[in-house]
Amino acid sequence: MKPLRLVISAFGPYAGRTEIDFTLLGEQGLYLITGDTGAGKTMLFDALTYALYGETSGGSRDGKMLRSQYADGDTPTFVELTFKYNEQEYVVRRNPEYERPAKRGGGMTTEKAAAILEYPDDRAPVTKMSAVTPAIVELLGLNYQQFVQIAMIAQGRFRELLETDTEKRRAIFSKLFHTYFYKDVQEKIKTAYNQNKSRLEELKRSLAQSFNGIKCREEYAEQGVKLNQWAASAYAGRSVEVMELLQEILTLDTAKLAEMEQSKHDLDAQLGSVKEKLQVVQNYQELANNLAVAQKRVELVTPEVEQLQKQQEDEEKTLESMGSAEAELQRVQTVYNDLQQRFPKIAPANVAVVAEKNISEEITKAQQGLAGVESLQAELQNKLQSYKALDEQAIRVELQQKKLDDLRSAYKQALDKYRTLSDKQDALEAAFLGAQAGIMAQNLAEGVPCPVCGSVHHPQLAMVAHSVPNEAQVKQAKAEAEQAKAKKDGLYGEGVNQRRTLDEAQSLLAEQGKALVGEETVTGIHQAVAIKEQETAHRLEELNNKVGSALGLCRVAVNEAQKQVAARLAQENKLKGMQKNLQQREKELQELHGRVQSLTEQLAQAQVPQGDEQLETLAQELQQKLTEADKACKAVFADIAKNKDIQGEAGGTQQQLSACEAENQWLRTLSDTVNGNLTGKQRVDLETYIQMTYFDRIIRKANIRLTNMTKGQYELHREAVENADNKRSKTGLELEVIDHYSGKSRSVKTLSGGESFLASLALALGLADEVQANAGGIRMDTMFVDEGFGSLDGDALQQAVQTLQGLSEGSRLVGIISHVQDLQDMIERKVVVTKNHTAGGVGSSVTIQTP
């Protein structure tokens, strides 16, 4: 990467817009960046690294500190770098977040941080703040740390890498060469070892916990003593012996359990014999008790059976006295159904309940009273229909009379309208004809014959009226008059026809009314029909009441008959229940007699017990001993089960413990090796060992330049690990210097100021070469060296410049930032930074001087 143009605006000490055109310095060689103290020489490299990575070269200034305090409010703060990489030009621009005056409304506002990277081809620019730096890293192949190590030997940092100890040098190399990967490997191995160690301790605790649960009976004194002694030391190193002792206890418990089981069996046999004897006593006593109970039961059941037999006889007599109720129910139900079929629309009347002996008589009377009712009902219904038809006929006559009246009224109106329109027609025709003479008179002159009379003299001409109807109006009036006449004549014909129809209807109505109700007029017929309908309806109601009463009597009779049937059925059911109960009790009594006889025979044949007073006590003693023996057996069995569980569990844990101990041994050795913790060995861990390889290559590259700059006197050398004084501290990256003039090695801290600068410069250049080589062979076409030359004498300064001149071979530009006057004389191309304190303002400016 080679910078072509750097634009700085309101950045650091640069108040305005400052542009540095690096192309004016040529393609390669040395150039000097010089000027006033504090003018901003180092800030130029800060601006370059900020444009690329968003960070300054020293890392001590953040974005908010970069806004120039000398800039006015309208000048924006930004850095823009145009650079060449692989013969392609790129532009990157970046600004920090800072406060500026608001463009509207006064006050201050925050300008947000922004960045953009523009490509030389058609690719879209990278505009996101978070994406520009990764894009730069991808393009150059270097991150920020690698870039500043390769491109910048910063002020004040010459002796840092030279004189630092192993720990600090490890931290530097870890970032530069990514050796932190090996540190991760160390930590993972150490973590694996610690986890395995914890697992080992857990297995030991688990095994001890299992052993603590071993059940050892008091009679096993020797085994108990051993177990207690080993438990005091948490069974350390005794797991195999404990397992053997556990098997010995299991063998003893098994034999003990067999012995106890045999004793238990003997007790059970003795108890069985005693129980057999007790059973004889119990059987005899049970037979005697059962016989007494059966005899007592016979005494109780016998009078109950006799009483039930007496009650059954009484209930049978009651049933016989009730007679047959079903025949009476069937008879009254038949009469009731017959009446309902004959008079389905008449509801039964509510009647008072009559005495049972009168029901049949009342039904007979009701049947006799209903003779002829049906024919009379039909006759009355026919009369009602005739009266209704006659009344409807009278209504129709009234309607025909009204229609005739309406026709007469309409005819009168049509006649009046016709007369009016006829008079109108006559008037219009007269006016129209009269107007014709006046019209012809308008064309007459003296001596001209009249078309009507032929006279040639016209002493008085007819005049034309002011309002004269035209022929169309006359025709319209005539048509309306003819239409009115036609309507009038039509209504007249309808009226004649309606009169004829009405006369016929009135004649027929008078004939029917006289025959049916004795009236001929419409009004008389209406009144007579109303009276006749009322009389007929009254008679029908009387008949219906008579039928309803008969139906009511029949329904009462049916209800009474149903009650008698229900009472007889209930009596029968009651009798059946008593019969069933009596049968059961008689059967029970018979069974009791049989049981008494059977028990009497068994008792006579049973063995009579003798000497049974001590059997119960002996049985209780044997039962208690058997219970205690069973409890003891269960206790031993539980101990055996518990110890077997421990034996299985501890056996598995012991296998895991053995495997874990073997793994722990090699993990501990591996962890101590990679972490530099081997006893009696130097403390060199894996990461440091890898870094030692990088450090040796850096030293070889540095010695090429240091030997040249010191004319062969000094050579850097990494101190051998076995020579380190403190084996308890991390070693391997310590540095010493070999003085070939004295032939001895000594600490780099004993070098003078100028010698230290040369050694530091050589080491820094060697480090830059190694970092560049490990960054994929990327070559930087620019480099900056900041200060440190003031401690050199003329000869050493000349050697340092020649060394740097060698770096600039090819197309590399090397910029030296320094105040040393001798360098200004040696280097012709210069970037001069000047502080300005003029009326125009305060701030630094830059000029480029070339031969």
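Here are some notes on two sheets, their helices and a few ring contacts in this structure.

1. Before you start, keep in mind that this is a predicted model. Numbering runs from 1 along each chain, following the sequence as written.

2. A good place to begin is the open sheet of five strands. Reading across, the order is β2-β1-β4-β5-β8, and the pairing is antiparallel. The edges are β2 (14-21) and β8 (114-118), each of which pairs on one side only. Going from one strand to its neighbour, the turn averages 10°, direction ignored.

3. Which strand does β5 join through five bridges? That would be β8: β5 (residues 88-95) and β8 run antiparallel. If you want a residue to look for here, take arginine 93, which stands opposite isoleucine 116 in β8.

4. Two helices pack on this sheet. Helix α1 (residues 41-53) touches β1 (2-11), β2, β4 (78-85) and β5, and its direction makes about 100° with that of β1. Helix α2 (residues 129-140) touches β4, β5 and β8, with its direction at about 35° to that of β8.

5. Now to the rings. In general, a pair of aromatic rings is described by how far apart the centres are and by the angle of the planes. The structure has nine aromatic pairs. In one of them, phenylalanine 45 and phenylalanine 784, the centres are 4.8 Å apart and the planes are at 55°, so this pair counts as tilted. Phenylalanine 45 belongs to helix α1 and phenylalanine 784 to strand β13 (residues 782-786), so the pair ties together parts that are 739 residues apart in sequence.

6. Are those two phenylalanines buried or exposed? Phenylalanine 45 has 1% relative accessibility and therefore counts as buried. Phenylalanine 784, at 3% relative accessibility, counts as buried too.

7. Helix α1 has another ring pair worth a look. Tyrosine 53 and phenylalanine 147 have ring centres 5.5 Å apart and planes at 50°, so they are tilted. Tyrosine 53 lies in helix α1 while phenylalanine 147 lies in helix α3 (residues 144-151), so the parts tied together here are 94 residues apart in sequence. Both tyrosine 53 and phenylalanine 147 are buried.

8. Put those rings on screen together and you can follow a cluster: ring pairs link Phe45, Tyr53, Tyr144, Phe147 and Phe784.

9. There are also charges sitting over rings. Arginine 93, the residue opposite isoleucine 116, has its charged end over the ring of phenylalanine 78, 3.7 Å from the ring centre. Elsewhere, the charged end of lysine 488 sits over the ring of tyrosine 418, and here the distance to the centre is 5.3 Å.

10. Further along the chain, have a look at an open sheet of three strands, in the order β10-β11-β12 and with antiparallel pairing. Its edge strands are β10 (714-718) and β12 (744-747), each pairing on one side only. The twist from one strand to the next averages 35°.

11. Within that sheet, four bridges join β11 (residues 735-739) to β12, and these strands run antiparallel. Aspartate 739 is the residue to pick out, as it stands opposite lysine 744 in β12.

12. Which helix lies across β10 and β11? Helix α15 (residues 686-709) does, and it runs at about 180° to β10.

Technical notes: This is a predicted model: local features need pLDDT of at least 70, side-chain atom pairs count only at pLDDT 80 or more; totals for chains, interfaces and linings use all residues. Side-chain values use heavy atoms; hydrogens and water are left out. Two strands pair if DSSP finds at least two bridges between them. Axes are lines fitted to C-alpha atoms, for helices over the stretch in contact, and angles run from 0 to 180 degrees between N-to-C directions. Contact means heavy atoms within 4.5 Å. Rings of Phe, Tyr and Trp (its six-membered ring) pair if their centres lie within 6.5 Å; planes under 30 degrees apart count as stacked, over 60 as edge-to-face and the rest as tilted. Buried means under 20% relative accessible area, exposed over 50%, partly exposed in between (1.4 Å probe, protein chains only). A charge sits over a ring if NZ of Lys or CZ of Arg is within 6 Å of the ring centre and within 35 degrees of the ring normal.
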